[in-house]
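Student: Please take me slowly through one part of this structure, beginning with a single place in the chain. After that, I would like to know how the surroundings of that place are arranged.

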Amino acid sequence: MTRNYDSTYMAARSVAETVEAHFAHHVSVASEQGMLNLAKQPPAYYIEAMIDAAFWASLRKEEGRSPRISIAFLAPDQVSKALLFESRQPLTPLVLTKLAPGVERPGIHLGVWYDEDGLFVWGTTIKLPNFCFVLDVSEPGLLVIKHRRMCGFGKYSNVAVLKGDQIKVVDESCVQSLDCPPIVKALLDLSSFVNHSVNVLIQLAVSMRAHGQGGILLVVPAGSTEWKHSVIQPMQYAVNPPFTGLAEMVWKEGIDRSESVWQSMLNKEVDNIGGLTAIDGATVLNDQHELIAFGAKVGIAKTSIRIERVALIEPIVGGEADTVHPGKIGGTRHLSAAQFVHDQHDAIALVASQDGVFTIFSWSPLANIVQAHRIDTLLL
């Protein structure tokens with residue numbers, strides 16, 4: 001393959017050098033810190049070629065189904081127990097489309113590497129080295145560039161999202177704000193290792209978004225009852241005693257969190273709570289991950305006033321903060337969540353819309369305003 005790959009999907013060329021710089025920076029920093037098992041970073045011309053092939057594959061169909069593919073850039077000898085094809089397959093939209101039905105389940109990646117003739121597909125793997133370049137085909141025309149977290153558990157860190165001719169590059173500098181909530185910092189991967197408690201909130205956000213029915217998750221301080229002043233009483237679906245299934249999995253001592261058995265059990269508990277958010281009203285969880293209620297109706301505390309403005313922030317390059325009325329962000333869920341955080345400064349609210357938009361509301365003591373971080377770009 002020549003270094004001047006002639007892509008026909010223009011967004012591929014537009015974003016390739018930016019993505020190359022991202023991986024070069026992070027791999028270099030990780031290497032200086034003594035991190036092991038680091039992936040080799042792809043050059044821009046290979047990034048462009050992989051995006052181009054994946055995009056055109058995403059618009060094809062195999063037996064009436066659109067492909068869902070995860071491509072990982074790594075040599076076959078960088079992982080153990082890989083599934084190796086006897087004959088290398090060229091990286092083309094046709095090959096990707098044909099292979100897609102067998103690799104569409106989460107956690108399976110098509111391994112892509114190169115020789116003097118260009119890029120080829122060598123097999124599949126369920127294991128990846130740190131900071132491995134991954135390109136997901138999520139739906140027709142929607143591609144997500146991401147990498148594996150250093151801690152090896154939880155959702156991958158997104159680098160860029162391409163949808164048709166739209167390109168959104170994640171802006172990691174947003175975490176420099178002192179008021180940036182921990183869950184947003186974790187999604188932006190400022191730290192190599194993510195607190196397990198925060199990581200579980202990320203998993204809950206992914207689960208909420210996945211059921212597609214919209215929902216609110218309120219996270220309140222353990223031991224506090226102040227939040228009840230912002231919820232209409234009595235609550236129809238209060239949980240007493242609090243349900244501790246998820247909490248026990250998160251805080252259990254002596255567990256190897258890289259073990260697939262533990263991760264599978266945790267995912268079931270996460271989906272158990274995430275599913276409740278589809279019920280009309282808000283699901284209430286304390287910061288120890290104990291379930292307190294679901295289907296709760298948010299009201300305005302007697303000592304409060306109706307919220308009129310929030311700071312809307314999307315952590316992408318070129319996305320500037322804007323002060324808007326909370327009703328302009330979304331529907332009644334967003335308005336209720338913003339009001340709750342306005343009245344309960346020590347709580348956060350996670351809101352999923354039916355169309356996939358996801359927002360985290362938190363209080364900014366520095367700006368004295370509710371922040372609304374739109375993070376669906378980070379959750380894809």
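Tutor: Let us begin with Pro 234, which is found in the loop between β9 and β10, and let us keep in mind throughout that we are looking at a predicted model. The peptide bond that leads from Gln 233 into Pro 234 is cis, its omega being near -5°. Most peptide bonds are trans, which makes this a detail to look at with care. A cis peptide bond also joins Asn 240 and Pro 241, where omega is about 5°, and Pro 241 is found in strand β10 itself.

Strand β10 now leads us into its sheet. Nine strands form this open sheet, and if you read across it you meet them in the order β10-β12-β11-β9-β15-β16-β17-β13-β14, with mixed pairing. Because β10 (238-243) and β14 (322-324) stand at the edges and have a single partner strand each, one side of each is left without a neighbour in the sheet. Neighbouring strands here are turned against each other by 25° on average, if direction is ignored.

Elsewhere in this sheet, you can follow one pairing in detail. Strand β16 (residues 358-364) pairs with strand β17 (residues 369-374) in the antiparallel sense, over six bridges, and within this pair Ile 360 stands opposite His 373 in β17. Helix α8 (residues 332-343) packs on the sheet, where it touches β9 (215-220), β13 (310-313), β15 (348-352), β16 and β17, and its direction makes about 20° with that of β16.

Another sheet can be read in the same way. This open sheet has eight strands in the order β2-β4-β3-β1-β5-β6-β7-β8, and its pairing is mixed. Its edges are formed by β2 (83-90) and β8 (166-169), and since each has a single partner strand, one side of each is left without a neighbour in the sheet. From one strand to the next, the twist averages 25°. Strand β6 (residues 142-147) and strand β7 (residues 157-163) pair in the antiparallel sense over six bridges, and Ile 145 stands opposite Ala 160 in β7.

Across this sheet lies helix α2 (residues 44-58), which meets β1 (69-73), β3 (109-115), β4 (118-125), β5 (133-139), β6 and β7, and runs at about 20° to β5. Helix α2 has a helix partner as well, for its axis and that of α1 (residues 10-32) come within 8 Å and cross at roughly 135°. Angles over 145 degrees would count as roughly antiparallel and those from 65 to 115 as roughly perpendicular, and therefore α1 and α2 are oblique to each other. The crossing in which α1 passes α2 is right-handed. Among the residues that meet there are Ala 12, Val 15 and Glu 20 in α1, together with Ile 47, Ile 51 and Asp 52 in α2; taken by class, the contact has seven nonpolar, no polar and five charged residues.

One backbone detail remains, and it concerns phi. Most residues other than glycine have a negative phi, yet Lys 81, which is not a glycine, has a positive phi of about 55°. You will find Lys 81 in the loop between β1 and β2.

Terms used. Residues are numbered from 1 along each chain as its sequence is written. This is a predicted model: local features need pLDDT of at least 70, side-chain atom pairs count only at pLDDT 80 or more; totals for chains, interfaces and linings use all residues. Side-chain values use heavy atoms; hydrogens and water are left out. Two strands pair if DSSP finds at least two bridges between them. Helices (H or I, at least four residues) and strands (E, at least two) are DSSP runs, numbered from the N terminus. Axes are lines fitted to C-alpha atoms, for helices over the stretch in contact, and angles run from 0 to 180 degrees between N-to-C directions. Contact means heavy atoms within 4.5 Å. Angles under 35 degrees count as roughly parallel, over 145 as roughly antiparallel, 65 to 115 as roughly perpendicular and the rest as oblique. A crossing is left-handed if the near helix is turned anticlockwise from the far one by less than a right angle, and right-handed if clockwise. Ala, Val, Leu, Ile, Met, Phe, Trp, Tyr, Cys and Pro count as nonpolar, Asp, Glu, Lys and Arg as charged, and the others, Gly among them, as polar.
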